[in-house]
Amino acid sequence: MIGQAHIKRIREEPQAELAGIIDPSPKAKEQAEALGVPSFADLEEGLRSVKPDGVVIATPNQLHVPNGLTAVEAGVPMLLEKPVSGDVKSALQLVEAAEKAGVAILVGHHRRHSLLIQRAREIVESGRLGKLTAVSGLCLFLKPADYFNGSGSWRREPGGGVVLINLIHVIDDLRNICGDIVAIQAAESSAARDFPVEDTAAMILHFANGALGTLNISDAANAPWSWELTAGENKVYPQTDQFCYLFAGTGGSLTVPRLDVWRHSGDGWWTPIEAERRIVPEQDPLTLQMRHFCQVVRGEAKPILDGRGGTRTLETTLAVKKAAETGGMVRLS
């Protein structure tokens, strides 16, 4: 699905040209023929034959590292879909190989390119909120029953829960806006569906800047408080007027994606409080990501999120699982 989204953006982007499609499926070959580009079943063969300026790796997660290493060997910069890998060790293997070879990796956390997220980060970094003290995140949504049936039955089993599939997006958002997370406490539940894998998780996040955060995620919640249903960036989902992230500091607070900045007019809670809203133009983050990748390929920009940054987000997400399993606090070095 995300591969098709990237093909669409490449074809729409004036700075880019689709050089080929590498996919062993018959449908991919048919699509390549319809678009007038070559197709290959093997990545190494495709890179050798086409000699592209860049490659988008949008394969299943377990293939990210071997595909990435093939691109490194060919010397081709890559837009690598997240997660970098399923484990930190192999992710670092790819990152170190790319750094040694001088091959750029842009990790496909596309919300890094969202103007809403970027504006939120600017407000926090500006000091307008004072010293950040508290962060609250909600990622509550309802997946349909057929999401877990048929070809999707793997989502009922370990590795298919809401933490590894969905939480990594939220973790990267909070790391991007607030800075690094250095410790995590967590709990998981599978009570809603009674699958062998979690449908709900709750976390306490300790940020390097001293702020504390709470984060709740559930794919069994009939609710609007998630990025997809509040940001309006992906038109597949209905948009609401709610927010899903809240950042509070000594000088003010911020709701995201609404971008309301709340502040008292005087010293403390007895004084009037009011909000100012920030407006940003509506732009597609995947389009902006592809445009940025073109700049990375040409050597005009460094990746907005490189392999090491993407691996840190992976490590932080995996720490949630470990914290829930052990019942203790997991510290990140």
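Helices are DSSP runs of H or I with at least four residues, numbered from the N terminus. The structure treated in these exercises is a predicted model.

**Exercise 1. Helix 9 and its end**

Determine whether the length of helix 9 agrees with its number of residues, then describe its surroundings and what follows it.

*Solution.* Step 1. Helix 9 comprises residues 285–297, which makes 13 residues. The expected span is 1.5 Å times one less than the number of residues. The result is 18 Å, and because the end C-alpha atoms are 18 Å apart, expectation and model agree.

Step 2. A residue is buried when its relative accessible area is under 20%. The buried residues of helix 9 are Pro-285, Leu-286, Leu-288, Gln-289, Met-290, His-292, Phe-293, Cys-294 and Val-296.

Step 3. Elements that cover these buried residues include helix 1 (2–12), strand 3 (55–57), strand 4 (78–80), strand 5 (105–107) and helix 6.

Step 4. After helix 9 comes Gly-299, which has a positive phi near 80°.

**Exercise 2. The three-stranded sheet**

Describe the sheet with the order 3-4-5.

*Solution.* Step 1. The sheet is open, has three strands and shows parallel pairing. Strand 3 and strand 5 are its edge strands, each of them pairing on one side only. Direction ignored, neighbouring strands are turned by 20° against each other on average.

Step 2. Strand 3 and strand 4 run parallel and are joined by three bridges. In one of the pairs, Val-55 has Met-78 in strand 4 as its bridge partner.

**Exercise 3. The nine-stranded sheet**

Which strands stand at the edges of the sheet of nine strands, and how are strands 11, 12 and 13 joined?

*Solution.* Step 1. The order of this open sheet is 13-12-11-10-6-9-8-7-14, with mixed pairing. The edges are strand 13 (273–277) and strand 14 (330–331); each has a single partner strand, so one side of each lacks a neighbour in the sheet.

Step 2. Strands of a sheet pair through backbone hydrogen bonds, either parallel or antiparallel. Strand 11 (residues 253–256) and strand 12 (residues 260–264) run antiparallel, with three bridges between them. Leu-254 has Val-261 of strand 12 as its bridge partner, and Thr-255 stands opposite Asp-260.

Step 3. These two strands form a hairpin with three residues between them. In the turn, Leu-259 has a positive phi of about 60°.

Step 4. Strand 12 is also joined to strand 13 by five bridges, and this pair runs antiparallel. Here Trp-262 stands opposite Ala-275 in strand 13.

**Exercise 4. Two helices across the sheet**

Explain how helix 6 and helix 7 pack, and which strands they lie across.

*Solution.* Step 1. Helix 6 (residues 115–125) and helix 7 (residues 162–178) pack at an angle of about 35°, and their axes are 8 Å apart.

Step 2. From helix 6, Ile-117, Ala-120, Arg-121 and Val-124 take part; they meet Asp-173, Asn-176 and Ile-177 of helix 7. Sorted by class, this contact contains four nonpolar, one polar and two charged residues.

Step 3. Helix 6 lies across strand 6 (132–140), strand 10 (245–249), strand 11 and strand 12, and runs at about 175° to strand 11. Helix 7 lies across strands 6, 7, 8, 9 and 10, and runs at about 150° to strand 9.

**Exercise 5. Three single residues**

Decide for Thr-230, His-109 and Pro-158 whether each is buried or exposed, and state what each touches, leaving aside residues up to four places away in sequence.

*Solution.* Step 1. Thr-230 belongs to helix 8 (residues 227–231). Its relative accessibility is 4%, so Thr-230 counts as buried. The side chain of Thr-230 reaches the backbone oxygen of Ser-226 at 2.8 Å. Thr-230 touches Pro-224, Gln-239, Thr-240, Gln-242, Phe-243, Cys-244 and Pro-257.

Step 2. His-109 is found in the loop between strand 5 and helix 6. His-109 has a relative accessibility of 4% and therefore counts as buried. Its contacts are Lys-82, Ile-168, Asp-172, Gln-289, Leu-305 and Thr-313. Among them, Gln-289 is a buried residue of helix 9.

Step 3. Pro-158 lies in the loop between strand 6 and helix 7. The threshold for exposed is over 50%, and Pro-158, at 63% relative accessibility, therefore counts as exposed. Pro-158 touches Pro-196 and Val-197. Between Pro-158 and Met-290 there are 33 Å from C-alpha to C-alpha, at a separation of 132 residues in sequence.

Conventions: Residues are numbered from 1 along each chain as its sequence is written. This is a predicted model: local features need pLDDT of at least 70, side-chain atom pairs count only at pLDDT 80 or more; totals for chains, interfaces and linings use all residues. Side-chain values use heavy atoms; hydrogens and water are left out. Axes are lines fitted to C-alpha atoms, for helices over the stretch in contact, and angles run from 0 to 180 degrees between N-to-C directions. Contact means heavy atoms within 4.5 Å. Ala, Val, Leu, Ile, Met, Phe, Trp, Tyr, Cys and Pro count as nonpolar, Asp, Glu, Lys and Arg as charged, and the others, Gly among them, as polar. Buried means under 20% relative accessible area, exposed over 50%, partly exposed in between (1.4 Å probe, protein chains only). A polar contact is a pair of N or O atoms within 3.5 Å; within protein, one must be able to donate a hydrogen and the other to accept it, and residues adjacent in sequence count only if both atoms are side-chain atoms. Two strands pair if DSSP finds at least two bridges between them.
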